[in-house]
Amino acid sequence: CPKGELKAVLLLQNNCLEVYTVDLSAKATGSSRSGQVTLGGHRSDVRTLAFSSDNIAMLSASAETVKIWNRSTLQCIRTMACDYALCSLFVPGDRQVIVGSKTGKLQMFDLASGNLLESVDAHNGAVWSISLSPDQRGFATGGADKCVKFWEFELVKDEDTQNSRRLSMKQTRVLQLDEDVLCVRYSPNSKVLAVSLLDCTVKIARAHV
């Protein structure tokens, strides 16, 4: 550094590197930011990860963004603003992703455009877990409202274009339990669902009635 000048590099909690310069020869000592490097990752802790069915892409989500990464190059190829994410999955076909949030919402994003396609008030509390059914026709969610909810994919009229249809999600059934639902998983044959609860128990429920 030039004589009479001090430089400091700071690594911040939000994944930024900042360089500050202090002029020691000045009468009034002060500092100025002379540079900044912003990394491509998240600004807060990552709470959920998911792989696409072809293993080419990976999803990561945090308190403010969903990011889609190329697994081979490790480059971020899409960033989308979201609610505080807790769980996620790639929709069959890998053209959309669904994120379950701390606010109880399910958010569906289109990967080609990065747009939010749909936001549904799914649970009265955090959506802790989401599981795709093996037949790929729908999924199940578990939340802090002590409910397991079953959903099906459906095509609905796109209100923006009026001439095309888009993917949507429809709730089909609710399973009420005695404790908060922390995790849900389908059996390989789609017949039963394993549910872990806050009281340290696991319940086995029929996936279809």
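Two strands are taken to pair if DSSP finds at least two bridges between them, and strands themselves are DSSP runs (E, at least two residues), numbered from the N terminus. The structure is a predicted model, in which local features need pLDDT of at least 70 and side-chain atom pairs count only at pLDDT 80 or more, whereas totals for chains, interfaces and linings use all residues. Residues are numbered from 1 along each chain as its sequence is written, and side-chain values use heavy atoms, with hydrogens and water left out.

By the pairing criterion, strand β10 (residues 105–110) and β11 are antiparallel partners joined over 5 bridges. Within this pair, lysine 105 stands opposite aspartate 121 of β11. Both strands belong to an open sheet of 4 strands with the order β8-β9-β10-β11 and antiparallel pairing. The edges are occupied by β8 (85–90) and β11 (116–121); each has a single partner strand, so one side of each is left without a neighbour in the sheet. The twist from one strand to the next averages 20°, where axes are lines fitted to C-alpha atoms and angles run from 0 to 180 degrees between N-to-C directions. Strands of a sheet pair through backbone hydrogen bonds, either parallel or antiparallel.

A further open sheet of 4 strands, also with antiparallel pairing, follows the order β12-β13-β14-β15. Its edge strands are β12 (127–132) and β15 (165–176), each of which pairs on one side only. Neighbouring strands in this sheet are turned against each other by 25° on average, direction ignored. Strand β13 (residues 138–143) and strand β14 (residues 147–157) run antiparallel and are joined by 5 bridges. Threonine 141 has lysine 149 of β14 opposite.

Aromatic residues were examined by ring geometry: rings of Phe, Tyr and Trp (its six-membered ring) pair if their centres lie within 6.5 Å, with planes under 30 degrees apart counted as stacked, over 60 as edge-to-face and the rest as tilted. The structure holds 2 aromatic pairs. Phenylalanine 139 and tryptophan 151 form a stacked pair, because their ring centres are 6.0 Å apart and their planes lie at 10°. This pair links distant parts of the chain, with phenylalanine 139 in strand β13 and tryptophan 151 in strand β14, 12 residues apart. Accessibility was classed as buried (under 20% relative accessible area), exposed (over 50%) or partly exposed (in between), using a 1.4 Å probe and protein chains only. Phenylalanine 139 is buried because its relative accessibility is 0%, and tryptophan 151 is likewise buried at 4%. The rings of phenylalanine 139 and phenylalanine 153 have centres 5.5 Å apart and planes at 45°, so that pair is tilted. Here too distant parts of the chain are linked, from phenylalanine 139 in strand β13 to phenylalanine 153 in strand β14, 14 residues apart. Both phenylalanine 139 and phenylalanine 153 are buried. Phe139, Trp151 and Phe153 form one aromatic cluster.

Charges were also located over aromatic rings, the criterion being NZ of Lys or CZ of Arg within 6 Å of the ring centre and within 35 degrees of the ring normal. The charged end of arginine 173 sits over the ring of phenylalanine 150, at 4.1 Å from its centre. Lysine 102 lies over the face of tyrosine 84, 4.7 Å from the ring centre.

Strand β17 (residues 192–197) pairs with strand β18 (residues 202–206) in the antiparallel sense over 5 bridges. Alanine 194 has isoleucine 204 of β18 as its bridge partner. The two strands, β17 and β18, form a hairpin with 4 residues between them, and cysteine 200 in the turn has a positive phi of about 70°.

Alanine 50 is placed in strand β4 (residues 48–51) and is buried, its relative accessible area being 11%. Contacts (heavy atoms within 4.5 Å) of alanine 50, leaving aside neighbours within four places in sequence, are made with Ala57, Met58, Leu59, Ser88, Leu89 and Phe90. The C-alpha atoms of alanine 50 and alanine 61, 11 residues apart along the chain, are separated by 9.2 Å.

A search of the whole structure for disulfides (pairs of cysteine sulfur atoms within 2.5 Å) finds 0. The sulfur of cysteine 76 forms no such bond because the closest cysteine sulfur, in cysteine 82, is 12 Å away, too far for a bond. Cysteine 183 is in no disulfide either, the nearest cysteine sulfur, that of cysteine 87, being 9.5 Å away. Cysteine 76 is partly exposed at 30% relative accessibility, and cysteine 183 is partly exposed with a relative accessible area of 29%.
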